[in-house]
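Please study the sequence and the model shown below. The exercises that follow are each accompanied by a worked solution.

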Amino acid sequence: MYSLGAPEGTPSSSQKILVSWTDGCMDVNLLSLRSEAAGAVRTALTSAEHLQLSLKAGLSQEERALTLHAGGAKKARNDGNEDLKEMLESNKESLKLEAMKRIVGLIAKGKNASELFPAVVKNVASKNIELKKLLYVYLVRYAEEQQDLALLSISTFQRALKDPNQLIRASALRVLSSIRVPIIVPIMMLAIKEAASDLSPYVRKTSAHAIQKLYSLDPEQKEQLIEVIEKLLKDKSTLVAGSVVMAFEEVCPDRIDLIHKNYRKLCNLLVDVEEWGQVVIISMLTRYARTQFISPWKEGAVFDENDVKTFYDSDSEEKRCQTDAKPYIMDPDHRLLLRNTKPLLQSRNTAVVMSVAQLYWHLAPKQEVGVVTKSLVRLLRSHREVQYVVLQNIATMSIQRKGMFEPFMKSFYVRSTDTTHIKTLKLEILTNLANEANISTILREFQTYVKSQDKAFAAATIQAIGRCATNISEVTDTCLNGLVLLLSNRDEGVVAESVVVIRRLLQTQPTQHSEIIKHMAKLFDKITVSTARASILWLMGEYCERVPRIAPDVLRKIANTFTAEEDIVKLQAVNLAAKLYLTNSKQTKLLTQYILNLGKYDQSYDIRDRTRFIRQLIVPSDKSGALNKYARRILLAPKPAPVLESAFKDRDRYQLGTLSHSLNSKAAGYQELSDWPTVAPDQSVRNVEVIEPVNEWAALVGKSKPPASDDKFYSDEEDDKKEQTSGSSDDDGSSSSTSSSTSSSSSEESGSASEEEEDSSDEFDKSSTDSGKSSGQSSDSESEQKKTTNKNTQKVQAEKRTHNHADSDSDENAERPMAKASSSSSESATSDSDSDSEQDSAAKQKRKSNVKSKPKVEKKSKMEVSLLDLDDFSPTPANTVKSSVVSPSLLSDLEGLSLSGIAPTMQVATPTFGLVKTLELLHHMTGKGLSAKYHFPRQPCLYQPSMVAVQVTLTNCSDRSLEEIHIGERSPASLKIHCFNTVERLEPEASVTVSMGVDFSDSTQAANFELCTKEDRFCVFIQPAVGELLMPCSLTEQDFCKEQGKLLGMNETSATVAMATSNTSSQAITKRVLSVANVGVVASSEGRLHRFAGQTVSSQVLVLVQLEMKDSSGGLLTISTEKSVMASMLLRDLKQALAQA
């Protein structure tokens, strides 16, 4: 125990151990702290590193978030494509079929499925028909992109060309032609040749499509491809026709010789070809016809725009009008093309209708082009893109042929829903259609358009008014007054355009309108549009001698603002300064120098050059030379008036309906139409040789339609047939044309049919009597009536005209089966001599009844029920159709009763100022003894209120009796005439007065018609004075002033009248006015005012005449009416009458 103890002051061992243990613990703690610190540092570094990584990851997520949809879609697509690949690689046909359906669905939606090509192409050897169809649809789409992989399956495609299924064969050829690799051209050529001989028309159609692809790939194969095209052109299937013609147009459009033998077949198949094939064939046949047929537009031809007859009436025309024109005979193949394309005007496809319209425009005789009018107007109901193209073509056509579209003028009125370019085109067409008869209606329409919110359209309307004023001199003053009123319009654009148009109009007659020039000078400060300011400056300079006081002041104003003006205004300011310097140098010398100095330092090159030129020209100096002597002649030379022309005037050099015509510039691939040949090429090249024997059924069908031979066609017995069949395809008497007129259902036999009928024409002639008898026994009462008419053709002229009028539509006759009519007429021709005596008396009675009833009934031969017969497409009547006959008692009862706002009262009493003026209608020398004179009795027409009453005095100046005097055909055919009853007999030196009515439609255009006797026809016309187109109205002075206040601007025409001294009294003025116009006198409270009122007979438009006496020898004559043309003509006639002593 002691050992364990320790002396005092000496540390014991236990204390030493404790101390050492304590030191050890401290060392351990330090080490642990050090290790913890190092761990903390490492943790911090690690956290920082993790923090940095997390921030980067966060940024990449934001970036990925921006493209999350695309990435997800891509992933989904990849997943989907993987599923599709697995399905395509499976052993089950159902999974492969489902996969292909989904892939084709993706392609239909516009998705890219090209990465599936390897998986798809592995299955091309599948035996499943449905799967193969879908595979080929996919391969056609991507074969051109994946050519290398597609080439691996060439052998499979070649085997598929022998597949029993026609769809597989066609699809294989389509895929093969889609692989655009030159190395397989021989394989493609062999496949096309085999497919061209395939039994399936669908495969042959596909081969025609492949021809174009192969030609674009290797043009050196052209000759071999032409052989295939020649073979396919002989194909009789309508499914192939359009495709092979398209291939012909692509490969060899100049090889017209390939078309010769197939021309008639293509014409007859045309109606059954699919729509886009029709477009291609019509385009090709248009070019073909321009090289193979002579022009039907020759000046010497009988065809004329206003002539109702065709060339086959040339013999009778020469007798009537003493013309020696050689008749134009249309090639039967030319007529075949026109006849077979006409039904396509009712197509639902607008491209087909447009193609037929351009064909008629470029190939048809001028009087037949009008058949396309109604179809083109129908297309205006389609989409605006279609409207734009159609309106462009109508605008071109309306320049040359205004009469085509004038009856449908309302269809071109602008609608509020039309776009600007459609409005502009309609405005262009309305301007082209403007003439003296309809200008009043068009100007009223233009007045509404000027107020349009569409500024560009309003400006175009003002330009159109200027064109109308330039083209129709009768309304120049009216339009000018209306444009002057527009100068006070609030719209600055309207004012500016009006100034420009007025400037052009003033150039036509500047001497009469100095007041307008002064008025425009006053507006110079208010107008800010540069073109308008430049126009005013030009007017001031051009006519500075007529406004000597105003022009220098305008120059002073422009000098103040010269630096701020546009370049166009500065140029005109320099010109004005130069002209005033030459004419009025005293007042304008300093101003001119000031302006020239400003122009010398202008920023524009043009202004500086013009200034230097003008300075050297007008200011004499040593450097100016001899040119200074001619300064006045250069600057003040008279300028010709501008000619305002349509923007579509020169577009007819391009074929209608083409892209080049629409752009007014030649587009790539455009083929110009060749000129008509001067000499007709040989038409026998289109004859097809007959190889097969004639079938019995074909001969039997041929018997029912006898051919029209040359001797019968021009014989007297067939005289009515000559008129009936004018314009049809068999007009030249050739039996080949008869075969060409067969319907499209038998068109495959057209080539042989022509030769069959040609070889058996004698047989037809022999059997015509028998067939006529058989058909005559079974014919109805209508055929009996036709036989009687044919037998009495030479005896009854009126019946012949009625028969001709009923059968004058050549195209309808060509399309209508005529077996019964032909057999009946042949029977009547052969048995004419046996039955003339028995039916002579019956024919006379029928002749009298027909002749008497004819003038009262005016009907069309037959109404065609088609898509074109729409209510709003009928020609716009001048007024509402009223009762055709009004008794005198009823007329007197209705006197003073009116539904209009002005309530005019009709004056039916005869005028009391003197004898009525009588005019000569037919001289007795020209009329072979028949003399005719006419006058206007100024009585209401009892037959129809819209007609003007005319009394005709017929006198027989010969020594023999004249029989059956009546009115024949009229021109134009739409002219409404109430004919007088036929005068059965007029003895020598005898006279008879008859009454008739003519609807002039408020126009002074002559009414042309035929005055006929039993033996002769004479062309006559009635030309009305403008005053005879009016009926008097009874108005009070208050009503007169009220209505006159409504007719201002363009509806008011006035002029100063120099009156003879004998015409200054009130009685003399009334007598002179009534001698010119059939108007009523309006009582006036002022002695210096003389007023008269009337209304037009046809449209019942009010016409107000006022003469305000200024002094003893002159006055202001004002005519207020919506009919501005009538106002101008009436003003001219009244001025002449009041000036005569």
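**Exercise 1: A residue at the surface**

Phenylalanine 613 has a relative accessible area of 42%, so this residue is classed as partly exposed. The model in which this is computed is a predicted one.

Task: Determine in which helix phenylalanine 613 is found, and which residues form a nonpolar patch with Phe613 on the surface.

Solution. Step one: phenylalanine 613 belongs to helix 32, which covers residues 605–618. Step two: Leu627, Tyr630 and Ile634 form the nonpolar patch together with Phe613. Step three: the accessible area of these residues together is about 370 Å².

**Exercise 2: Asparagine 956**

Task: Decide whether asparagine 956 counts as buried or exposed, and locate the residue in its strand.

Solution. Step one: asparagine 956 lies in strand 3, residues 948–956. Step two: buried means under 20% relative accessible area. Step three: the relative accessibility of asparagine 956 is 0%, and therefore the residue counts as buried. Step four: when neighbours within four places in sequence are left aside, the contacts of asparagine 956 include Gly929, Ser961, Leu962 and Pro988.

**Exercise 3: Two helices**

Task: Describe how the axes of helix 8 and helix 10 cross.

Solution. Step one: the axes of helix 8 (residues 166–178) and helix 10 (residues 201–217) come within 9 Å and cross at roughly 5 degrees. Step two: helix 8 is therefore roughly parallel to helix 10, since angles under 35 degrees count as roughly parallel. Step three: among the residues that meet are Leu173 and Arg174 in helix 8, and Tyr202 and Val203 in helix 10.

Key:
Residues are numbered from 1 along each chain as its sequence is written. This is a predicted model: local features need pLDDT of at least 70, side-chain atom pairs count only at pLDDT 80 or more; totals for chains, interfaces and linings use all residues. Side-chain values use heavy atoms; hydrogens and water are left out. Patches are made of residues with over 30% relative accessible area and no salt bridge: like charges are joined within 9 Å, nonpolar side chains (Val, Leu, Ile, Met, Phe, Trp, Tyr) within 5 Å. Accessible areas come from the Shrake-Rupley method with a 1.4 Å probe; for residues, only the protein chains shown count as cover. A salt bridge is a side-chain nitrogen of Lys or Arg within 4 Å of a carboxyl oxygen of Asp or Glu. Helices (H or I, at least four residues) and strands (E, at least two) are DSSP runs, numbered from the N terminus. Buried means under 20% relative accessible area, exposed over 50%, partly exposed in between (1.4 Å probe, protein chains only). Contact means heavy atoms within 4.5 Å. Axes are lines fitted to C-alpha atoms, for helices over the stretch in contact, and angles run from 0 to 180 degrees between N-to-C directions. Angles under 35 degrees count as roughly parallel, over 145 as roughly antiparallel, 65 to 115 as roughly perpendicular and the rest as oblique.
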